[in-house]
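Reader: Please take a close look at the internal spaces of this model, starting with a single cavity and working outward. I would like the lining residues by name and the volumes as computed.

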Amino acid sequence: MTAPPSSGSPSDVPSAGPAPVRRYGAGTTQILQKLLILLVTLVAGLPISGIIEEREDRQAGLRAEFANSWGPEQVVHAPLLAIPYSDPATRSRQYLKIAPEKLSTRATLTPEQRKRGLFSATVYGAAIELTGNFTVPSRDSIETLVGRGQVIHWNESVVMLQASDLSGMATGDHATWNGETIPWRSCAEVIGRAGDCDGALLVIRPSMPSAPAADMTVPFQATVTLRGTGAFSQILEGRQTAAAIAAPWATPSFNGTILPSSSTVTEADFEARWQAVEYSRPLLWSSPGLPESVSSPHGPTVSVDLLEATPIYRMISRASKYSIFFVILSFTVYTLFELLGVVRIHIVQYGLLGLSMTLFALLLISFAEPLGYAAGYWISAGLVLAQASLHTAAVTRRWGATLIFAATLAAVFGFLYVLLSLESYSLLVGSVALFLMLSAVMAITQRVDWREQAS
């Protein structure tokens, strides 16, 4: 006998199939969880920024050590004719300073990279040649400046050359005054007054008449060899000045109060020339001591920085700031996979992906220090790309989704490398790229039924 049919209770109704599974991550709770994981991932990357800053500080410390042991950033003043004068009543002693009427200088730098461990600094030797002439001012000009009754000690005149440091001086360095060759000597040795000779000063004592004729012009020449670190500058004090700086270095940066009138930069070397004609500043002034102020010079300053071809720590710092972009992009791709019904992804898998993206900056600084920025970048990008792609393959179990993710991430790494190498147009190119990427996301999400997602 056949059993009676069921009473039709809901529990006895055969299922027509598995209940539709709501896409993971579509609800408000899942969205908040993803935002929380994103925040935690970014916070986890903060110690990496601290490591980069610490390595930058160590690099700066090494440069300071080389500046102490090899030579600092050299700032060389133009040669000046200094004549002591005194007041018979008070016996106070000061100096008249006369700048050259014409001055021409040429500095030939020989830079090299010095390393200590993983860190390096750019040092150089500088061979400087100076030519020009001095014009003796009239008695009226001198009395207008210092007053009547002052005793001018012409026989104690010196030609002085001031630099940041005298490291690297050669025995053959000398000055030629009116045809007479005179070796450079230390200021304290010639002047004998320690208070007048603070700083790095070279002097010669030329032959001067006790009462030289007004407007007398005396030619001079000089050579000096110095050592420095990183940058080289000259202060061109004089009426008509010209300067030239050359070095076998492909990445100079020209600074100072005036820019070069002409420059040639090739892949092997550079040469720059400056010219200045100054009528607004006097050629004659007085000061209590021989040293001149570096912060407020009487003439224009020309300068060149010997930059690294690829400034490793600056590039690493810039690249690390894009970690948030990598994390957001990866989360966006995973979210699109979910919204388009490709796969369901757990929140923990989002977090592991974010940590993989965060490690890029740490890998970059670890490989870039011994291998250079370019090699370090591509090795780090390759490792992160492989790890994140294998993770995506394990999460999605779909080769199509994995290839889309890997291609997107590889394109972003390649684009970022190009973007970081741009100087003038990096902001423009980056802004346009972000606009296009947002447009692509907006186009893709048109396939999502947002009403279904909200239900």
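**The second largest cavity and its surroundings**

Author: P79, V159, A175, T176, W177, W184, I204, F220, Q221 and A222 form the lining of the second largest cavity. The model is predicted, and the volumes that follow are computed from it. This cavity encloses about 40 Å³. Two strands, β8 (174–177) and β12 (217–229), each contribute at least two residues to its lining. Sorted by class, the lining residues are 8 nonpolar and 2 polar, with no charged residue.

One residue of this lining, W177, also has a place in the largest nonpolar core. That core has 49 members, and W177 is listed with L96, L109, I128, F232, I245 and F270 as those touching the most other members. L109 shows what such a position looks like: beyond its neighbours within four places in sequence, it is in contact with Y124, G125, A126, F232, I245, A246, A247, P248, V304 and L306. Another core, of 46 residues, lies apart from the largest one and includes F119, V384, A388 and F405. As a general background, nonpolar side chains in soluble globular proteins tend to be buried together.

The cavity belongs to a set of 3 with a volume of 30 Å³ or more. The largest of them holds about 70 Å³. Its lining is made of A99, L236, E237, G238, E278, R281, P282, L283, W285, H298, G299 and P300. By class, this lining has 6 nonpolar, 3 polar and 3 charged residues, whereas the second largest cavity has no charged residue in its lining.

The open spaces come next. The largest pocket has a volume of about 940 Å³. It is lined by 37 residues, and R63, E308, T310, P311 and I312 are the closest to its centre. Two or more lining residues come from each of α2 (46–69), β4 (102–116), β5 (119–135), β19 (301–306), α5 (312–320) and α7 (347–371). Among these elements, α2 gives the most, 5 residues. The class count for this lining is 18 nonpolar, 10 polar and 9 charged.

The second largest pocket holds about 410 Å³. L329, T332, V333, L336 and V441 lie nearest its centre, out of 18 lining residues. Helices α6 (323–339), α9 (399–421) and α10 (426–444) each supply at least two of them, and α6 has the largest share with 7 residues. This lining has 16 nonpolar and 2 polar residues and no charged ones.

A covalent link is the last item. The structure has 1 disulfide, which joins C187 to C197 with an S to S distance of 2.0 Å. The link is left-handed, at -60° about the S-S bond. Its two ends are 10 residues apart: C187 is in helix α4 (residues 187–191), and C197 is in the loop between α4 and β11 (200–204). C187 counts as buried because its relative accessibility is 3%, under the 20% limit. C197 falls under that limit too, so with a relative accessible area of 12% it is buried.

Notes: Residues are numbered from 1 along each chain as its sequence is written. This is a predicted model: local features need pLDDT of at least 70, side-chain atom pairs count only at pLDDT 80 or more; totals for chains, interfaces and linings use all residues. Side-chain values use heavy atoms; hydrogens and water are left out. On a 1 Å grid over the protein atoms alone, a cavity is a set of points where a 1.4 Å probe fits but cannot get out, and a pocket is an open set with protein on both sides within 12 Å along at least five of seven lines; lining residues have an atom within 4 Å of a point. Grid points are joined across faces, edges and corners, and a volume is the space filled by probe spheres set on the points. Helices (H or I, at least four residues) and strands (E, at least two) are DSSP runs, numbered from the N terminus. Ala, Val, Leu, Ile, Met, Phe, Trp, Tyr, Cys and Pro count as nonpolar, Asp, Glu, Lys and Arg as charged, and the others, Gly among them, as polar. A disulfide is a pair of cysteine sulfur atoms within 2.5 Å. Buried means under 20% relative accessible area, exposed over 50%, partly exposed in between (1.4 Å probe, protein chains only). A nonpolar core is a set of buried Ala, Val, Leu, Ile, Met, Phe, Trp, Tyr and Cys residues joined through side-chain atoms within 4.5 Å. Contact means heavy atoms within 4.5 Å.
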